[in-house]
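Trainee: I should like to go through the reasoning behind the terms used for this model. May I put my questions in turn?

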Amino acid sequence: MAESASQETPPPGFTGMISDWSSDQTTFKGAGWGKPMMWLFILSDIFIFGVFLLGYMSARLATPDPWPDAAEVFALTMFGVQVPLLLIAIMTFILISSSGTMALAVKYGYERNRKICGRLILATATLGAIFVGMQVFEWTILIMDGVRPWANPWGASQFGATFFLITGFHGTHVTIGVIALLYMYRKVMRGDLDDGRPGAITGRKGRWEMVEILGLYWHFVDLVWVFIFAFFYLW
Amino acid sequence: MSDHDEHATMPLKSYYWVWGWLFVLSVCSYIVDISPIPQMLQWILITFFMIAKAALIMAVFMHMQWERLSLVTMVLVPPGALLFALFVFGFEGLHIETVRETFFVNEFFSRTEGR
């Protein structure tokens, strides 16, 4: 447990890393078990998204057909002017903002400020839901334009396949995150984390660390979007 | 839980500062994308802004800068394999494209034009 691990203060830096990994017991000192587990999950998810993006790169490099220009494909007409990537830009700002509110929720969670922490979690969930809604809107436009996983009107047919796979998988992550955030909102507001009330799914006692662990997941979803935004929409 | 209380000491201002920088970097990458500068420069700048944003999110929002080096290396070292794969698949993808251009596309075009 975290208590026994923190009895002696382990050395910092490179020496500390060597002693942590060779300590023949708890490697991640002072971090409990929940946080390293979430980091391990994130590491595995990094590989899933990484492989998807590598597959996208391979498909895009290997096709002799021209790749559709994302700036034109994802343009929206506002007041008679074609604005490139407008929807994607708004989605990016919404997801970054949700990351900001989540970071603040974790901060107020540490300060045991139940009300503000709960409201910030609810704000994060709302922004996440708006993001998913805009993604549904984006998919609808593209499907009506004739984009399919096997064909599209502008060029290389692999475009649709990679687009639906990558954004769909990311959107699924956001959706799961929103559900988890709403669940955590209820736990925080009801005082489960203060009272150590057992959760409905795992039966584990409520701890304030849960907010930080969920925050890690949410920031990771934002992190993945940073890479998708750069590689898929801007490159 | 008491181990983590030192994290909470980051002032509120720093959160808004990071938040603001994420906005600025996103706007920068968007402007780079729509401005008429050489493609190569665009790609370099977009990648730079992307890495800067990812570093800010991981270091501050995900509290990586307060974690012990053993956890940081556990997360950051294995994805190096993806960088290796990037070069492998990059070379392979270009090679396949060349093969297709040489043996399939031109042949196809010459055949259809000949009809």
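Trainee: What do the buried residues of H2(B) pack against?

Mentor: In this predicted model, the buried residues of H2(B) pack against H5 and H9 of chain A, together with helix H1 (12-34) of chain B.

Trainee: Which residues of H2(B) are buried, and what makes a residue count as buried?

Mentor: A residue is called buried if 20 or more other C-beta atoms lie within 10 Å of its own. In H2(B), the residues that satisfy this are B:Ile46, B:Phe49, B:Met50, B:Lys53, B:Leu56, B:Ile57, B:Val60 and B:Phe61. Under that criterion, 36% of the 235 residues of chain A count as buried.

Trainee: How do you know that the length of H2(B) agrees with its number of residues?

Mentor: The expected span is 1.5 Å times one less than the number of residues. Helix H2 of chain B covers residues 39-61, which is 23 residues, so it should span 33 Å. Its end C-alpha atoms are 32 Å apart, and the two values therefore agree. After H2(B) comes B:His63, with a positive phi near 60 degrees.

Trainee: What does each chain give to the contact between chain A and chain B?

Mentor: Chain A gives 52 residues and chain B gives 47 residues. On the side of chain A that touches chain B, the elements giving two or more residues are helix H2 (13-21), helix H3 (34-62), helix H5 (86-110) and helix H9 (209-234) of chain A. H3(A) gives the most, with 11 residues. By class, this side of chain A has 33 nonpolar, 12 polar and seven charged residues.

Trainee: Why is H5(A) called roughly antiparallel to H6(A)?

Mentor: The axes of H5(A) and helix H6 (residues 114-145) of chain A cross at roughly 160 degrees and come within 8 Å. Angles over 145 degrees count as roughly antiparallel, so H5(A) is roughly antiparallel to H6(A). The crossing of these two helices is left-handed. The residues of the contact of H5(A) with H6(A) are 18 nonpolar, seven polar and one charged.

Trainee: Which secondary structure elements does chain A have, and in what order do they run?

Mentor: Chain A has nine helices and two strands. From the N terminus, its elements run α-α-α-α-β-β-α-α-α-α-α. The C-alpha trace of chain A spans about 65 × 40 × 30 Å along its principal axes.

Notes:
Residues are numbered from 1 along each chain as its sequence is written. Chains are lettered from A and ligands numbered from 1 in the order in which they are written. This is a predicted model: local features need pLDDT of at least 70, side-chain atom pairs count only at pLDDT 80 or more; totals for chains, interfaces and linings use all residues. Two residues are in contact if their C-beta atoms, placed from the backbone, lie within 7 Å. Helices (H or I, at least four residues) and strands (E, at least two) are DSSP runs, numbered from the N terminus. Ala, Val, Leu, Ile, Met, Phe, Trp, Tyr, Cys and Pro count as nonpolar, Asp, Glu, Lys and Arg as charged, and the others, Gly among them, as polar. Axes are lines fitted to C-alpha atoms, for helices over the stretch in contact, and angles run from 0 to 180 degrees between N-to-C directions. Angles under 35 degrees count as roughly parallel, over 145 as roughly antiparallel, 65 to 115 as roughly perpendicular and the rest as oblique. A crossing is left-handed if the near helix is turned anticlockwise from the far one by less than a right angle, and right-handed if clockwise. A residue is buried if 20 or more other C-beta atoms lie within 10 Å of its own, exposed if 12 or fewer, and partly exposed in between; C-beta atoms are placed from the backbone.
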